[in-house]
Amino acid sequence: GSDNQSGTFGSVLVGNRIQVPQDSRSAGSRAAHVKQRINSFIGSTNQDDHALKQELPKSSRMLCGNWLAYWQYEIGLSQQDYHFHFHQIKLQSFVGHTGATKCLTAVSGEDFFLSASKDKTVRLWPLYNYGDGMKEIEPRYTYTEHRKSVFFVSHLETLQQVVSCDGTVHLWDRFTGKTVQTYDAFDSKSPITALSTMAAPHTSIIVGSADSVLRFIDPRKPGLQHEFKLANTMAGLVRYLTVSPNG
């Protein structure tokens, strides 16, 4: 057999993609040879399995028969394990950070995502599918104005700007990388510990701090919008904030 072939199906594995042999008749004969093994692999424990058992139309451009079972068999999925585990397939690699990643968030439109890192940078990454999972993707842009480990990043959709924080809140343009505005901690004894952004059409940034106070900032206006004290006594720092989709 050819050195490029893998397993009993004669397919070629390229990253996370199964390369279909050009000789479909050869692939068909191999598939017939292991048909009984595939059937035992699929099982018939619930109704969801019925969709997996359906035969696909034969074509020289497609895998013959049940391609899902074909693929699962090739990557060595346990016959007793019917759960999908992402660690079995290399989907894509994003290379650039030199420190631990502290926060990830998707950019509206889902064509890009942002990562904040202990290396004091925020990186904007493209979400393009290169097919086989072997390509290493470089960031589209790297924001380097932070002076400490960045623990938060989010996309302020209405203004099309990025909010990131290392203890100081940075508001910057994701297209040019230019810093629009920065906000230091409002009390030097109570550092900023948590942030969140309001969904469109709102423009507010919510800041939580170690003095148990929530502060609302609108980048279009000076000063604070609102200030909410969560307790009359020191109740501890705010560790995490989230906002409902409807604001």
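Two rings of Phe, Tyr or Trp (for Trp, the six-membered ring) count as a pair if their centres lie within 6.5 Å. In this predicted model, six aromatic pairs are found by that rule, and this tour visits two of them.

Begin by selecting phenylalanine 94 and phenylalanine 113, whose ring centres are 5.0 Å apart and whose planes meet at 85 degrees, so the pair is edge-to-face, a word used for planes over 60 degrees apart. If you now colour the strands, you will find phenylalanine 94 in strand 3 (residues 93–94) and phenylalanine 113 in strand 5 (residues 112–117), so the pair ties together parts that are 19 residues apart in sequence. Turn on the surface next: phenylalanine 94 is partly exposed, with a relative accessible area of 30%, whereas phenylalanine 113, at 14%, is buried, because buried means under 20%.

Keep these two residues selected and add Trp125, since ring pairs link Phe94, Phe113 and Trp125 into a cluster.

For the second stop, select phenylalanine 216 and phenylalanine 228, an aromatic pair that is also edge-to-face, with 5.3 Å from centre to centre and 65 degrees between the planes. Which strands does this pair link? Phenylalanine 216 belongs to strand 15 (residues 213–217) and phenylalanine 228 to strand 16 (residues 226–229), and the two residues, twelve apart, link distant parts of the chain.

With the surface still shown, ask whether phenylalanine 216 is buried or exposed. Phenylalanine 216 counts as buried, at 14% relative accessibility, while its partner phenylalanine 228 counts as partly exposed, at 42%.

Conventions
Residues numbered from 1 in each chain as written. Predicted model: local features only at pLDDT ≥ 70, side-chain atom pairs only at ≥ 80, totals over all residues. Heavy atoms only, no water. Phe/Tyr/Trp six-rings, centres within 6.5 Å; stacked < 30°, edge-to-face > 60°. Helix = DSSP H or I, 4+ residues; strand = E, 2+ residues; numbered from the N terminus. Buried < 20%, exposed > 50% of the residue type's maximum accessible area, 1.4 Å probe, protein only.
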